[in-house]
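Subject: Structure for you to look at

Hello,

I am handing over the structure below. Please open it beside this email as you read.

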Amino acid sequence: ALFWETTGCGNNFDSSKAIVKQHIKDSLTYYITKMGVDGFRFDLAPVLGRDAYPNYYFNPNAQLLVDIANMTTTYNVEMIAEAWDTQWPGGYQVGQFPNKWGEWNGRYRDAVRRFLKGDTQGGGGVTYADAFYGDYANFNDQGGPHKSVNFVIAHDGFTLADLVSYNSKTN
């Protein structure tokens, strides 16, 4: 099948299939060369790095991810991954994408939130100082801290006011 459920959002393309990989690359090339698009953000980007069933977990060295990364040089465009992954042993794949990918860094968001709220005991992620200086420990092996796309809020999280006012969503 060309469709399967790995995002939690409904059916998506099975990017382990050759025809799907080619369709994705052809579509990106069209948007770049014909429409003038100079960057893409891929929601739930690990889906592009799935191996074939039954071992369909995220593969950070998947050829499609490498091919898309190479488009950044060929066409002078930006490719940015939102690294959340719904598949076990999935989780959060930030810092795992090939060179030339930018990656939304939710650890930065969480560290800024803790800092703004005065939560010096909270943790689990990186410190504010580590996040501010590029989350180097988490990006060094895959191209450096310049890959970290630091953001504070997004469409699927807290509002900015809620971010610094509450411990959990109130909507």
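What follows is a short account of what was found, from the chain as a whole down to its aromatic residues.

Please keep in mind that this is a predicted model.

The chain as a whole

The chain contains 6 helices and 8 strands. Read from the N terminus, their order is β-β-α-β-α-β-β-β-β-α-α-α-β-α. The order thus opens with two strands and closes with a helix.

Of the 171 residues in the chain, 41% are buried. The accessible surface amounts to about 9,800 Å², and carbon and sulfur atoms account for 52% of that surface. As for contacts between residues at least 6 apart in sequence, 54% of them join residues at least 24 apart.

The aromatic residues

How many aromatic pairs does the count come to? The count gives 8 aromatic pairs. One involves Phe40 and Phe42: the ring centres are 6.3 Å apart and the planes meet at 35°, so this pair is classed as tilted. An angle under 30 degrees would have counted as stacked, and one over 60 as edge-to-face.

Phe40 and Phe42 are both buried. They also belong to one aromatic cluster, together with Phe58, Phe97 and Trp101.

Between these two phenylalanines in the sequence comes Arg41, which lies over the face of Trp104. The distance from Arg41 to the ring centre of Trp104 is 3.9 Å.

A place to start in the viewer is the cluster of Phe40, Phe42, Phe58, Phe97 and Trp101, followed by Arg41 over the face of Trp104.

Regards

Methods: Residues are numbered from 1 along each chain as its sequence is written. This is a predicted model: local features need pLDDT of at least 70, side-chain atom pairs count only at pLDDT 80 or more; totals for chains, interfaces and linings use all residues. Side-chain values use heavy atoms; hydrogens and water are left out. Helices (H or I, at least four residues) and strands (E, at least two) are DSSP runs, numbered from the N terminus. Buried means under 20% relative accessible area, exposed over 50%, partly exposed in between (1.4 Å probe, protein chains only). Contact means heavy atoms within 4.5 Å. Accessible areas come from the Shrake-Rupley method with a 1.4 Å probe; for residues, only the protein chains shown count as cover. Rings of Phe, Tyr and Trp (its six-membered ring) pair if their centres lie within 6.5 Å; planes under 30 degrees apart count as stacked, over 60 as edge-to-face and the rest as tilted. A charge sits over a ring if NZ of Lys or CZ of Arg is within 6 Å of the ring centre and within 35 degrees of the ring normal.
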